[in-house]
Amino acid sequence: MKPDIHPDYHDITIVMTDGTTYTTRSCYGKEGDTIRLDIDPKSHPAWTGVQRVMDTGGQVAKFNKKFAGIGARKK
């Protein structure tokens with residue numbers, strides 16, 4: 001391998017959404033930096049199985065109104 005082309009690989013601290021922490025090695029930041037996660041496997045719906053629909057600005061209602069007649073049979 002070529003010398004001096006790889007980033008510095010050092011220890012950092014990860015803080016999960018529930019406050020638990022662990023140390024890992026990364027190229028992120030500097031030695032001893034901390035990353036605070038907004039979403040992690042303990043809180044994300046993909047891992048927890050809990051889904052919720054967030055209707056931002058009425059987008060779900062707008063979709064339902066626009067496509068309400070699709071699939072309905074007319075006599």
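**Group meeting: a sheet, a salt bridge and a ring pair**

Asp11 is partly exposed, with a relative accessibility of 30%. That is my starting point. This is a predicted model, so please hear every value as computed from it.

Why partly exposed, rather than buried or exposed? Buried would need under 20%, and exposed would need over 50%. At 30%, Asp11 falls in between, so it counts as partly exposed.

What does the Asp11 side chain meet? It meets the side chain of Arg25 in a salt bridge, at 3.3 Å from N to O. The cut-off for a salt bridge is 4 Å, so this pair qualifies. Searching the whole structure turns up 1 salt bridge. Asp11 belongs to strand E1, residues 10-15, and Arg25 to strand E2, residues 21-26. The two residues are 14 apart, and the pair links distant parts of the chain. Arg25 is also partly exposed, at 42% relative accessible area. There is a backbone side to this as well. Asp11 stands opposite Arg25 in E2.

Now the overall layout. The protein has 2 helices and 3 strands. Starting at the N terminus, the order of elements is β-β-β-α-α. The chain holds 75 residues, and 9% of them are buried. Its accessible surface is about 6900 Å². Carbon and sulfur atoms account for 55% of that surface. What about contacts between residues at least 6 apart in sequence? Of those, 8% join residues at least 24 apart.

Next, the sheet. A reminder first: strands in a sheet pair through backbone hydrogen bonds, parallel or antiparallel. This sheet is open, has 3 strands, and shows mixed pairing. The strand order is E2-E1-E3. Which strands stand at the edges? E2 does, and so does E3, residues 34-36. Each has a single partner strand, so one side of each lacks a neighbour in the sheet. From one strand to the next, the twist averages 30 degrees.

Take the pairings in turn. E1 and E2 run antiparallel, joined by 6 bridges. E1 and E3 run parallel, joined by 3 bridges. Val15 takes part in both pairings. Its bridge partner in E2 is Thr21. Its bridge partner in E3 is Arg36. Ile14 is worth a look too. In E3, Ile14 has Ile35 as its bridge partner.

E1 and E2 form a hairpin, with 5 residues between the strands. Gly19 in that hairpin has a positive phi, near 100 degrees. In general, most residues other than glycine have a negative phi. That brings me to Asp4. Here phi is near 65 degrees, a positive value in a residue that is not glycine. Where is Asp4 found? It sits in the segment before E1. Asp4 is exposed, because its relative accessible area of 80% is over the 50% cut-off.

On to Pro41. Pro41 lies in the loop between E3 and helix H1, residues 45-48. Pro41 is partly exposed, with a relative accessible area of 44%. Which residues does Pro41 touch, setting aside those up to four places away in sequence? The answer is Met16, Trp47 and Thr48. Met16 is 25 residues away from Pro41 along the chain. The C-alpha atoms of Pro41 and Met16 are 8.9 Å apart.

Last item, the aromatics. The whole structure yields 1 aromatic pair. The rings are those of Phe63 and Phe67, with centres 4.9 Å apart. Why is the pair called tilted? The planes meet at 45 degrees, and that value is neither under 30 degrees, which would be stacked, nor over 60, which would be edge-to-face. So the pair is tilted. Phe67 is partly exposed, at 34% relative accessibility.

To recap. Asp11 and Arg25 form a salt bridge, and Asp11 stands opposite Arg25 in E2. The sheet runs E2-E1-E3 with mixed pairing. Pro41 touches Met16, among other residues. Phe63 and Phe67 make a tilted pair. Happy to take questions.

Key: Residues numbered from 1 in each chain as written. Predicted model: local features only at pLDDT ≥ 70, side-chain atom pairs only at ≥ 80, totals over all residues. Heavy atoms only, no water. Helix = DSSP H or I, 4+ residues; strand = E, 2+ residues; numbered from the N terminus. Buried < 20%, exposed > 50% of the residue type's maximum accessible area, 1.4 Å probe, protein only. Phe/Tyr/Trp six-rings, centres within 6.5 Å; stacked < 30°, edge-to-face > 60°. Pairing = 2+ DSSP bridges. Axes fitted to C-alpha atoms, helices over the stretch in contact; angles between N-to-C directions. Contact = heavy atoms within 4.5 Å. Areas by Shrake-Rupley, 256 points an atom, 1.4 Å probe, with all protein chains shown as cover.
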